[in-house]
Amino acid sequence: MSFSQENLLNQLTELERVAGKPTRYVLAFSGGLDSTVLLHALASCRESHGKPLLAVHIDHQLHPDSSSWAQSCARLASRLDVDYVCEQVTVDGTAGRGPEASARDARYDAFSRMITAGDWLLSAHHRDDQAETLLLNLMRGSGPSGIAGIPAARQFVDGWLVRPMLGESRDDIRAYAESHDLAWIEDPSNESDEFDRNYLRQEILPRLDSRWPQAGKRIVRSAKLAREAAELLAELAALDLAGMCTAQGRIDLDGFRTLSAPRQKNLLRYAIQQQGLSPPTAAQLQSVLDDVVPAREDAEPLVRWPGVEVRRYRNQLYLLPSPEAETHGGVELVAGAPRGLSDEIVKAGLEIRFRAGGEEFRPSGQTHTRKLKKLL
């Protein structure tokens with residue numbers, strides 16, 4: 001079945017069962033084939049869906065023609081009588097992530113500042129993107145949640161990130177564009193097989209299709225089944241966590257140890273995700289089970305990965321943002337007790353950190369130093 005405005009309206013209505021009725025559609029508009037088709041279809045049937053529409057173009061400033069691409073997007077939005085915003089971002093290539101991931105982070109950070117309660121951020125991902133994502137995650141050794149690929153809808157800041165074209169093929173989307181005489185931007189980086197996704201698109205998926213017709217459609221079916229399995233695992237983890245979460249980011253180890261190893265890993269992945277922390281690799285997760293959970297009572301076990309620290313204290317597991325990451329909450333010094341820190345010490349500057357080991361101090365009114373660890 002070819003892509004049509006009627007198909008789009010039906011899919012948007014179906015997605016309301018998950019995300020509720022939106023107050024506004026905010027389209028992630030790159031100017032490429034897929035988002036151009038989605039913008040045209042949304043604008044053409046706006047009387048039917050009845051939602052305000054905003055097209056947002058993110059200029060990553062990574063290509064010499066990026067400013068002219070933004071102008072082309074503005075012209076199309078104007079022709080379709082759609083509100084348009086262009087946001088320039090700076091892609092941080094020093095964070096240890098690849099260029100694609102860094103650009104995606106910058107892009108979604110910009111989108112997050114524009115989404116208000118009730119908004120749907122619409123993305124033009126389609127069936128072929130889903131197949132590519134599943135294969136990429138297989139090559140990375142991902143579990144069910146990775147093999148599940150791209151979700152059709154998920155919460156995003158105060159709104160939802162929704163992908164109404166996931167069931168459409170790239171060929172059908174192109175046919176719609178040609179039938180409506182649409183022009184779109186061709187990013188030359190999409191032709192380079194230096195990027196894994198392009199290599200899959202240009203070299204691997206066509207060979208799979210020639211051997212197994214409709215291979216992409218079958219892969220997407222597997223992704224759907226994997227998503228159902230991932231959702232069941234998340235439900236199980238939520239039940240397990242409810243019985244042993246003593247506070248946000250803390251897990252009681254007495255209850256944790258009663259679980260099988262697979263359920264322990266499932267719970268940790270879920271709890272880490274709920275904290276908004278970056279996911280661990282399989283090796284990092286195993287280190288938590290091998291080095292942190294069974295450590296002796298007076299030890300200070302630690303497993304860390306970028307942005308995350310997992311520690312143990314008084315028979316509880318702590319899932320924490322690392323000191324260099326954005327932290328939650330704060331500490332305020334308030335005068336009031338008759339004894340405490342002198343003004344001179346406070347003015348000299350204070351630092352809060354974990355104990356490194358070997359610290360000594362002299363308690364007030366005593367002549368000898370003592371080990372901090374012994375006092376604690």
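A residue counts as buried when its relative accessible area is under 20%. Asn315, at 17% relative accessibility, is therefore buried. Asn315 returns below, with the backbone. The model described here is predicted.

## Overall picture

The protein has 15 helices and 13 strands. Its C-alpha trace spans about 90 × 50 × 40 Å along the principal axes. Of its 376 residues, 40% count as buried. The accessible surface comes to about 22,400 Å². Carbon and sulfur atoms hold 50% of that surface. Among contacts with a separation of 6 or more, 63% join residues 24 or more positions apart.

## The five-stranded sheet

Strands of a sheet pair through backbone hydrogen bonds, in a parallel or an antiparallel way. An open sheet of 5 strands here is antiparallel, in the order β7-β8-β11-β10-β9. β7 (245-247) and β9 (302-305) are the edge strands. Each has a single partner strand, so one side of each lacks a neighbour in the sheet. From one strand to the next, the twist averages 25 degrees.

Helix α12 (residues 261-274) packs on this sheet. It touches β8 (250-252), β9 and β11 (316-321). The direction of α12 makes about 40 degrees with that of β11. Helix α13 (residues 282-292) lies across β9, β10 and β11. It runs at about 170 degrees to β9.

The β9 edge can be followed residue by residue. β9 pairs with β10 (residues 308-313) in the antiparallel sense, over 4 bridges. The two strands form a hairpin with 2 residues between them. Gly307 sits in the turn, with a positive phi of about 85 degrees. Trp305 of β9 stands opposite Val308 in β10. Side chains alternate along β9. Val303 and Trp305 point to one face and are buried. Leu302 and Arg304 point to the other face and are not buried.

## Two nonpolar cores

The largest nonpolar core has 35 residues. Val37, Leu38, Leu39, Leu42, Val82, Trp120 and Leu122 touch the most other members. Several elements give two or more residues to this core: α1 (5-19), β1 (24-28), α2 (33-44), β2 (53-59), α4 (66-79), β4 (119-122), β6 (159-162) and α8 (170-179). α2 gives the most, with 7 residues.

Leu38 shows how the chain comes together here. Beyond its neighbours within four places in sequence, Leu38 contacts Leu8, Leu27, Leu122, Ser123, Ala124, Pro164 and Met165.

A second core is separate and has 24 residues. Ala237, Leu277, Val293 and Val310 are among them.

## Helix pairs

Two helix pairs are set out below.

| Helix pair | Angle | Axis separation |
|---|---|---|
| α1 and α2 | about 85 degrees | 10 Å |
| α6 (residues 127-139) and α9 (residues 196-211) | about 100 degrees | 10 Å |

Angles of 65 to 115 degrees count as roughly perpendicular. α1 and α2 are therefore roughly perpendicular to each other. In this pair, Gln5, Leu8 and Leu12 of α1 meet Leu38, His40, Ala41, Leu42 and Ser44 of α2.

α6 and α9 pack at an angle of about 100 degrees, which makes α6 roughly perpendicular to α9. From α6, the contact uses Asp128, Asp129, Ala131, Glu132, Thr133, Leu135 and Leu136. From α9, it uses Asp196, Arg197, Leu200, Arg201, Leu205 and Leu208.

## Backbone exceptions

Most residues other than glycine have a negative phi. Two residues here go the other way. Val157 has a positive phi near 40 degrees. It lies in the loop between β5 (153-156) and β6. Asn315 is not a glycine either, yet its phi is positive, at about 65 degrees. Asn315 belongs to the loop between β10 and β11. At 17% relative accessibility, this loop residue counts as buried.

Terms used: Residues numbered from 1 in each chain as written. Predicted model: local features only at pLDDT ≥ 70, side-chain atom pairs only at ≥ 80, totals over all residues. Heavy atoms only, no water. Pairing = 2+ DSSP bridges. Axes fitted to C-alpha atoms, helices over the stretch in contact; angles between N-to-C directions. Contact = heavy atoms within 4.5 Å. Core = buried A, V, L, I, M, F, W, Y, C linked by side-chain atoms within 4.5 Å. Buried < 20%, exposed > 50% of the residue type's maximum accessible area, 1.4 Å probe, protein only. Areas by Shrake-Rupley, 256 points an atom, 1.4 Å probe, with all protein chains shown as cover. Parallel < 35°, antiparallel > 145°, perpendicular 65-115°, else oblique.
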